[in-house]
Amino acid sequence: MEGAISSRPNTRVAVVTGGNKGIGFEVCRQLAVDGGVTVVLTARDEARGAEAAERLRALGVTDAVFHQLDITDASSIATLVYFLDTRFGKLDILVNNAGVGGVEYPQELEANDGQFAGLDSKQRLEWMVKNVREPIDAARKAVETNYYGTKHVTQALLPLLQSSKEGRIVTVSSEYGLLRLISNEEARRDLNDIDNLTEERLDELLGKFLNDFEEGDALETHGWPTGFSAYKVAMAATNAYSRILARRHPMLRVNCAHPGYVKTDMSMGSGVLTPEEGAQRVVMVALLPDGGPTGKYFTKGEEASFV
Ligand SMILES: NC(=O)c1ccc[n+]([C@@H]2O[C@H](COP(=O)([O-])OP(=O)(O)OC[C@H]3O[C@@H](n4cnc5c(N)ncnc54)[C@H](OP(=O)(O)O)[C@@H]3O)[C@@H](O)[C@H]2O)c1
């Protein structure tokens, strides 16, 4: 499972979730190449992860290792924690990248780059919304993966991050998680009230959202966003959790980074940026100088509002 690694003493160690493809793979490569960081590339599927680690090596990265991690599986998380603890005794950077779209992608549709020529981002996103379905199972999976999976991995890795000189958590976020997309006033207010927001309140809001989702037309009447609805609500909750953690752990650096609209499987290749360009915006936040900002949201590499 774990490949060979030649970690240098005093090198920073990073874990990237969902590192086998897309933005996550590029984050692994850039952290190793540009940051001189020892990278633990994780993936839920052993074969896809091992193949990705091989691709990294072929690109000249020697300081990387693969370890299996399904962020929705408690025993998989525990095995990774044990591996990191015995191998490194600390973790310097956690990049929460793994995620799902909360939609069902059409099997028959093969998007190709040419079909998006001349379309701006808004038109491309409209094309996506038109071509996907949003069944309740996919919505539940988005909440379970993007919010709860990210939270459980982060919680489990906190002690190792606290053993670092300055542990960092970067959650790959999205402008789809911005609070302006939620017109439910109570939810929007509470998600932004970081001094008083609790994890229990986040559970409650996500539960209400999924109940409304199941009822179909209750989504719009209760002011939840539509079009990648579960992705948007789960992302807003994940942003809020990141801000709670920053408040609770001032010695850590806990931030969210929007990579932009990137050509990956999640966007069915419709994005306007390459994975390299998207990953740069994440890696920039992961490698900010010591003592930098915490509890912030970055877009296009700059601090911006969560609202
Ligand atoms: N693409 C965009 O325009 C865009 C914009 C804003 C934010 N983002 C965010 O960027 C992140 C990466 O997305 P991407 O665009 O690179 O999509 P992607 O190519 O579909 O990659 C998603 C990654 O997450 C992994 N994953 C899914 N569920 C997992 C689980 N339970 N445990 C572990 N890994 C899991 C996937 O693994 P498998 O290969 O096994 O499925 C894959 O490695 C996501 O969090 C997404 O929300 C993307």
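**Notebook: ligand site, cavities and pocket**

I began with the ligand and noted that a backbone N or O atom of Met-266 lies 3.5 Å from one of its oxygen atoms. I then recorded how far the protein encloses the ligand: 94% of the 900 Å² of accessible area that the ligand has on its own is covered by the protein. The model is a predicted one, and I read every distance here as computed from it.

**Entry: further backbone contacts.** I looked for other polar backbone atoms facing ligand oxygen. A polar backbone atom of Val-262 is 2.8 Å from an oxygen atom of the ligand. For Gly-99, I found a polar backbone atom at 3.3 Å from a ligand oxygen atom.

**Entry: the shell around the ligand.** I counted the surrounding residues and obtained 29. The closest are Asn-20, Arg-44, Asn-97, Tyr-231 and Thr-264. I sorted the shell by class and found 12 nonpolar, 12 polar and five charged residues. I next asked which helices each supply at least two residues of this shell. They are helix H1, spanning 22-35, and helix H9, spanning 229-248.

**Entry: confidence.** I checked the pLDDT before going further. The protein chain averages 95, and 97% of the residues score at least 70. Among the elements of the chain, strand E4 (residues 93-96) has the highest mean pLDDT, 99. Helix H8 (residues 218-221) has the lowest, with a mean of 92. I keep one general caution on file: where pLDDT is low, the predicted coordinates should not be read in detail.

**Entry: cavities.** I searched for enclosed space and found four cavities of 30 Å³ or more. The largest cavity has a volume of about 50 Å³. I listed its lining, which includes Glu-166, Val-285, Leu-288, Pro-289, Gly-292 and Pro-293. By class, I recorded six nonpolar, two polar and three charged residues in this lining. Which strands each supply at least two residues of the lining? I identified strand E5 (168-172) and strand E6 (253-258). E5 gives the largest share of the lining, three residues. Arg-168, Ile-169 and Val-170 are also in the lining, as are Arg-253 and Asn-255.

**Entry: second largest pocket.** I then turned to open space. The second largest pocket holds about 160 Å³ of space. I noted its lining as Tyr-105, Pro-106, Gln-107, Leu-109, Glu-110, Ala-111, Asp-265 and Met-268. By class, these residues divide into five nonpolar, one polar and two charged.

Technical notes: Residues are numbered from 1 along each chain as its sequence is written. This is a predicted model: local features need pLDDT of at least 70, side-chain atom pairs count only at pLDDT 80 or more; totals for chains, interfaces and linings use all residues. Side-chain values use heavy atoms; hydrogens and water are left out. A residue is near a molecule or strand if one of its heavy atoms lies within 4 Å of it. A polar contact is a pair of N or O atoms within 3.5 Å; within protein, one must be able to donate a hydrogen and the other to accept it, and residues adjacent in sequence count only if both atoms are side-chain atoms. Accessible areas come from the Shrake-Rupley method with a 1.4 Å probe; for residues, only the protein chains shown count as cover. Helices (H or I, at least four residues) and strands (E, at least two) are DSSP runs, numbered from the N terminus. Ala, Val, Leu, Ile, Met, Phe, Trp, Tyr, Cys and Pro count as nonpolar, Asp, Glu, Lys and Arg as charged, and the others, Gly among them, as polar. pLDDT is the predictor's confidence in each residue, from 0 to 100. On a 1 Å grid over the protein atoms alone, a cavity is a set of points where a 1.4 Å probe fits but cannot get out, and a pocket is an open set with protein on both sides within 12 Å along at least five of seven lines; lining residues have an atom within 4 Å of a point. Grid points are joined across faces, edges and corners, and a volume is the space filled by probe spheres set on the points.
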